[in-house]
Amino acid sequence: MRRLFFQPALVAITLFLCLSCSDKQDFNQFDDLEITPTVASSIFYLEADETHINDIGSFANFYSQTVDFEAFNEKYVSERLLEGKLIYEIENTTSKTLNFTIEFLDEEGDILDVQVFDVDPTPSPLLILEVFYGPGDKNIDILTNTTSLRINGSNQSDSTSVSGLSEPKVRFKSAAEFIFRLK
Amino acid sequence: MRCSLCLFLAALFGAQIICAQNKQLLYDFYEIPQSLMVNPGVKTMEKWHVGIPMLSGLAFQAGTSGVTVNDLFADDGVDFTTKVREHLIQGMRKRDDFSTTSQIEGFNIGFRGENRPENYYSFGMYGETDIIVYWPKDLAALAFEGNGGSNIGRSFDLGDLSLRGEMVNVLHFGINRKVSNTLTIGGRAKIYSGIFQFQSINNSGSFRTSQGQNNIYTTSVTADMQLQTSGVEEIVNILDEDTGTTQKDLASLFIKRVLFGGNLGLGFDAGFTYQLNPRTTITGSILDVGFIHNSKDLKNYTLSGNVNNEGISVFLPEDIPNLNNNLWEDLVDEIEEAIPYEENEKGYISFRPVKAYGSIRYNFGEGSTFNENCGCGVNAQSGGQNDAFYRNSLGGQLFLMKRPRGVQAAVTGFFQKRLGRGFAFKTTYTADKYSLTNIGLGLNFQMGPVNFYVLGDNLLGYQNIANSHYASLQFGFNIISWNDN
């Protein structure tokens, strides 16, 4: 009975297995997998019209604020951040000479880095600046240790001039584009 | 050893879903009692049969319609990340999938009615696991490439996430009746006991980062996504516990659910065999028309809403009253509020994957004595009046299956030969949208009352099993009585 039972079974299954072959495989390759997506996001946008800047007065800060900013400081992010850039674009259609300052602050409030922008009055071209972080560029730790940003916008000229353009304003834009190592 | 490992991996990575539950070799192979499980209206020849408990029907199928094990893990010196990018991220389509199906019969018994010999009754119990994960193409691209760089402006489809899996125990009872000399019909009632079930289907939404209206980029997310689970939470809790009784607790839970302590459901199969003329027969069946009402051990996860984000935005002088230093936190809260991630324990109904078969068979070759020795008087006819009279059969089969992303089909051509009562084989060629090289072979041995069958699919794939899209093996033992002697 056992012979009746198992012999044909063994023959058939062995036949399948014996006929099967395979090219050499290396499953340790999985350790070499690198997943490094590029993540892009806007960070901060400030818009101020000329009337407001004039109302604040000459040679004065029309915006000054410290905002918490822990996008890069989150443990999951900071451990995986490889390199990238911060992108700034400033569009000024006011008649004012302006200045923007961004200070990167750590948990103790110490300044890790400062970015300064001097903006000419209209007509002036769109100011674009890309600041790179990572090997060979600014230290990535500046970003991973940043917990807040101190942002200042100041009028470096009078408080009476008026732009000839309609709805004159200054627009400060910023975004980040960074490479992370997910694996 | 290498072959065994590859066979195992091929079983994990193996088959195209179009074939994942297609039992084209077993279908209408009526010398095997388990053919009743794929067509309850199949011609039955035996007087009674008893499957060897736990060994009467074992089927393992698995695969992928896209990448193969060899594509990724061949020891060819190519950078692994490059292979993943080319074969998975760029090579796989959203309709491609990974799937696995296994079925183990607990018991299977059939007998012909004493008073109504035209009826053949069968009943039994089997466990089935069926998991399908469609390739989440856009989500994988988002994870691998990110939303930046050249992907600015690209809309990632969140609906690409589609998966479904379940383990069920099925108690079934079927009646097969020979209505006339030309027509046999059958039906099977099923009670399902769900051991676990999960599904994330009918998701929709998009993730897109593009040039912003105010700021440099705007990120838009629209999501209507849901993952429903039943029976999973308790298993996960047991696995998470560090009590040293994990195995015992799991076994206890498993037994409870196998014995209808799980989520219950109902379903049926139906089928027929119709002899157009002594040489030509058509068959058809529909299987697993049923559902499970998931009401126990539930945990569902939802992500629903839409949001546009351009970062922290300050408009002067309008926002002067709102200025504070929690702007980042406020932004995160605003996003979480607009597109909340939530959990609930609502019951739901899950439908079984309905399958349908159809076939046409042409018989030829000299008559055999197989039928004349059969004690199943109701099917015993003389000479060419019965298709079992012929030694050879040639035909075609169609297989359809309802899947989360629509009906999938396979077409099969087959040749079957019987060498007396002791041996029959069936060879198939199956074509589908993924493969044109699937050749299968089924062998059925009858030694006295002992029946053994083994069915192997995609035999050409065994030349390099790691490069196979599909691996399938079914086998089983039965005791069959053909007559009273």
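## Two chains, one shared core

B:Asp288 sits in strand 11 (residues 280-294) of chain B. In this predicted model, the phi of B:Asp288 is near 60°, a positive value in a residue other than glycine. Is B:Asp288 buried or exposed? B:Asp288 counts as buried, because 24 C-beta neighbours lie inside 10 Å and the cut-off for that label is 20 or more.

Chain A has a case to set beside it. A:Glu167 is not a glycine either, yet has a positive phi of about 45°. A:Glu167 belongs to the loop between strand 7 and strand 8 of chain A. With 9 other C-beta atoms within 10 Å, A:Glu167 is exposed.

While we're on backbone oddities, here are the cis peptide bonds, one from each chain.

| Cis peptide bond | Omega | Place of the proline |
|---|---|---|
| A:Thr122 to A:Pro123 | near 0° | loop between strand 5 and strand 6 (127-133) of chain A |
| B:Leu316 and B:Pro317 | about 10° | loop between strand 13 and helix 8 of chain B |

Now for the place where the chains meet. The contact draws 51 residues from chain A and 59 residues from chain B. On the chain A side, at least two residues each come from helix 1 (2-19), strand 1 (38-49), strand 2 (61-68), strand 3 (81-92) and strand 8 (169-180). Strand 1 of chain A gives the most to that side, at eleven residues. By type, the chain A side splits into 29 nonpolar, eleven polar and eleven charged residues.

Strand 1 of chain A also pairs across the chains: five bridges link it in the parallel sense to strand 13 (residues 312-316) of chain B. Within that pairing, A:Leu46 has B:Val314 as its bridge partner.

What sits in the largest nonpolar core? That core has 38 residues, and those with the most contacts inside it are A:Leu46, A:Ala48, A:Val67 and B:Ile312. Elements supplying at least two residues each include strand 4 (98-105) and strand 7 (148-155) of chain A, along with strand 13 and helix 8 (327-338) of chain B. Strand 1 of chain A again gives the most, this time seven residues. If you want one residue to click on, try B:Ile312: leaving out residues up to four places away in sequence, B:Ile312 touches A:Ile43, A:Phe44, A:Tyr45 and A:Val67 in chain A, plus B:Leu327, B:Trp328 and B:Leu331 in chain B. As a general point, nonpolar side chains in soluble globular proteins tend to be buried together. A second, separate core of 24 residues includes B:Leu25, B:Leu26, B:Val38 and B:Ala410.

Next, a sheet in chain A. Four strands make an open, antiparallel sheet in the order 2-7-4-5. Strand 2 and strand 5 (111-119) of chain A are at the edges with a single partner strand each, so one side of each has no neighbour in the sheet. On average, neighbouring strands of this sheet are turned by 10° against each other, ignoring direction. Strand 2 meets strand 7 of chain A through seven antiparallel bridges, and A:Asn61 stands opposite A:Ser154 of strand 7.

Finally, strand 1 (residues 48-51) of chain B shows alternating side chains: B:His49 and B:Gly51 point to one face and are buried, whereas B:Trp48 and B:Val50 point to the other and are not. Three bridges tie this strand antiparallel to strand 3 (residues 97-112) of chain B, where B:Gly110 is the bridge partner of B:His49. Another four bridges, also antiparallel, join strand 1 to strand 22 (residues 470-481) of chain B; there B:Val50 stands opposite B:Ile479.

Conventions
Residues numbered from 1 in each chain as written. Chains lettered and ligands numbered in written order. Predicted model: local features only at pLDDT ≥ 70, side-chain atom pairs only at ≥ 80, totals over all residues. Contact = placed C-beta atoms within 7 Å. Nonpolar A, V, L, I, M, F, W, Y, C, P; charged D, E, K, R; others polar. Pairing = 2+ DSSP bridges. Core = buried A, V, L, I, M, F, W, Y, C linked by C-beta atoms within 7 Å. Buried ≥ 20, exposed ≤ 12 C-beta atoms within 10 Å, placed from the backbone. Axes fitted to C-alpha atoms, helices over the stretch in contact; angles between N-to-C directions.
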